[in-house]
Amino acid sequence: MNNTLYSPELERLVRLEDSKSGLSGYIAIHSSVAGPAAGGCRFLSYACDEDARRDAARLAEGMSYKNVMAGLPLGGGKAVIRLPDRPFDREQLFRAFGQAVERLGGAYVTAEDVGTSVEDMDVVAKTTRHVAGLSPRNGKPGGDPSLWTALGVKTAMESAAQLRFGKNLSELTVAVQGLGHVGFELCRLLYEAGAKLIVAEPRADLAARAAVAFDAQIANCRSILDAKADIFAPCALGGVLTRDTALHMRARLVCGAANNQLASPEVGTLLAERGILYAPDYVVNAGGIVNVAAEYLGWSTQDVRDKVETTGERLLDVLHLAEKAAIPTNRAADSLAREALLTARSAPHTELAVTA
Ligand code: NAD
């Protein structure tokens with residue numbers, strides 16, 4: 001079931017195919033120089049096999065950068081499973097996925113991601129040890145990582161706001177796009193810190209709850225992009241920072257949880273030219289993977305908190321480099337991440353063999 005393929009941008013690309021369970025997709029390992037490649041498992045509909053492969057490769061590279069910038073002893077990997085277009089048994093499919101992960105002998109550690117849940121990972125754990133994001137046990141790290149992601153974003157936002165405005169969050173207005181697992185919790189933390197909130201969310205029930213609980217003003221999903229706010233916090237989709245949004249945005253700081261916020265690296269340049277400080281997504285949204293790492297590596301909840309609460313310091317390293325080198329913040333982050341990967345000790349391996 002596991003076929004290792006050649007892929008120039010990856011250390012290892014494993015094809016997943018199991019007709020019995022309907023499992024079809026890829027495990028991509030971008031880098032294991034810092035440790036076992038860790039990253040979640042996406043379960044989504046893809047138009048074609050090549051789209052799934054490309055997504056796995058792109059996301060695995062992102063995980064290498066995120067993990068190394070968070071100072072974790074982990075490399076970057078990702079699994080992408082194509083949502084079957086015929087009826088399937090979810091338990092059987094995730095058991096088969098777990099077997100595929102197990103065959104890699106710990107080279108890849110999986111967890112939940114878009115389209116998968118704690119329950120799915122509990123099933124995966126029946127066939128492999130190399131999985132995190134399981135139901136929490138005895139107060140140890142585990143479960144939904146979103147609360148930690150939200151805490152990391154809030155901590156980063158505090159540091160960036162001091163740098164950009166010389167102000168505390170209690171003196172600022174934040175526009176939050178998306179009130180899902182991370183966005184809603186982020187609103188709670190911001191409200192507790194005294195920030196004023198503007199929110200947008202297609203699910204009217206969530207928006208209404210935020211309005212009541214956090215005294216948030218509700219905007220529609222389009223107008224949130226240029227809302228009259230100091231800070232824009234994208235917590236919904238990737239690719240939200242386009243040329244157009246960058247040109248019209250009124251906020252002067254962007255700091256949110258969404259992955260791959262920049263539609264292209266050039267948008268980072270445009271934001272910098274407009275004096276908008278962009279907090280690179282993978283630097284600020286690593287709280288969840290810290291929790292996943294802790295679960296896998298046997299760290300305590302206090303270890304997770306200590307690491308997540310230093311997200312702001314790691315962000316400031318990036319922002320100071322950008323300022324010193326007069327480069328956009330996304331380029332500063334990429335440069336620090338690549339440097340850290342080069343410095344990481346163990347030698348990378350390239351696998352061309354085919355495992356049946
Ligand atoms: P989620 O699916 O729980 O929430 C996303 C929310 O955004 C949903 O409520 C959805 O209705 C809303 N939404 C969709 N389109 C929107 C639009 N146009 N405008 C406003 N809202 C819209 O996802 P999540 O777990 O909260 O993650 C949010 C983002 O953060 C994603 O990009 C995810 O990849 C990223 N992220 C999440 C974690 C984590 O720990 N969950 C970690 C790192 C990065």
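Let me start with a term we'll need: a polar contact is a pair of N or O atoms within 3.5 Å. Keep that in mind, everyone, as we look at this predicted model.

So, which atoms does the ligand meet? Take Asn 259: one of its polar side-chain atoms sits 2.9 Å from an oxygen atom of the ligand. Glu 201 also offers a polar side-chain atom, and that one is 2.7 Å from a ligand oxygen. With Val 182, look at the backbone instead: a polar backbone atom there is 2.8 Å from an oxygen atom of the ligand. The ligand on its own has 830 Å² of accessible area, and the protein covers 75% of that.

Now let's step back to the whole shell. How many residues surround the ligand? There are 22, and the closest are Thr 149, His 181, Val 182, Glu 201 and Asn 259. By type, the shell divides into twelve nonpolar residues, eight polar ones and two charged ones. Two elements each give two or more residues to this shell: helix H4, running 146-165, and helix H5, running 181-192.

Let's finish with one residue in helix H4, Ala 150. Is Ala 150 buried or exposed? Buried means under 20% relative accessible area, and Ala 150 counts as buried because its relative accessibility is 0%. Leaving aside residues up to four places away in sequence, Ala 150 touches Val 182, Glu 185, Leu 186 and Leu 189. You may remember Val 182, whose backbone has that polar atom 2.8 Å from a ligand oxygen. For a contrast, try finding Arg 103: its C-alpha atom is 34 Å from that of Ala 150, with their positions 47 residues apart along the chain.

Methods:
Residues numbered from 1 in each chain as written. Predicted model: local features only at pLDDT ≥ 70, side-chain atom pairs only at ≥ 80, totals over all residues. Heavy atoms only, no water. Near = heavy atom within 4 Å. Polar contact = N/O pair within 3.5 Å; in protein donor to acceptor, adjacent residues only side chain to side chain. Areas by Shrake-Rupley, 256 points an atom, 1.4 Å probe, with all protein chains shown as cover. Helix = DSSP H or I, 4+ residues; strand = E, 2+ residues; numbered from the N terminus. Nonpolar A, V, L, I, M, F, W, Y, C, P; charged D, E, K, R; others polar. Buried < 20%, exposed > 50% of the residue type's maximum accessible area, 1.4 Å probe, protein only. Contact = heavy atoms within 4.5 Å.
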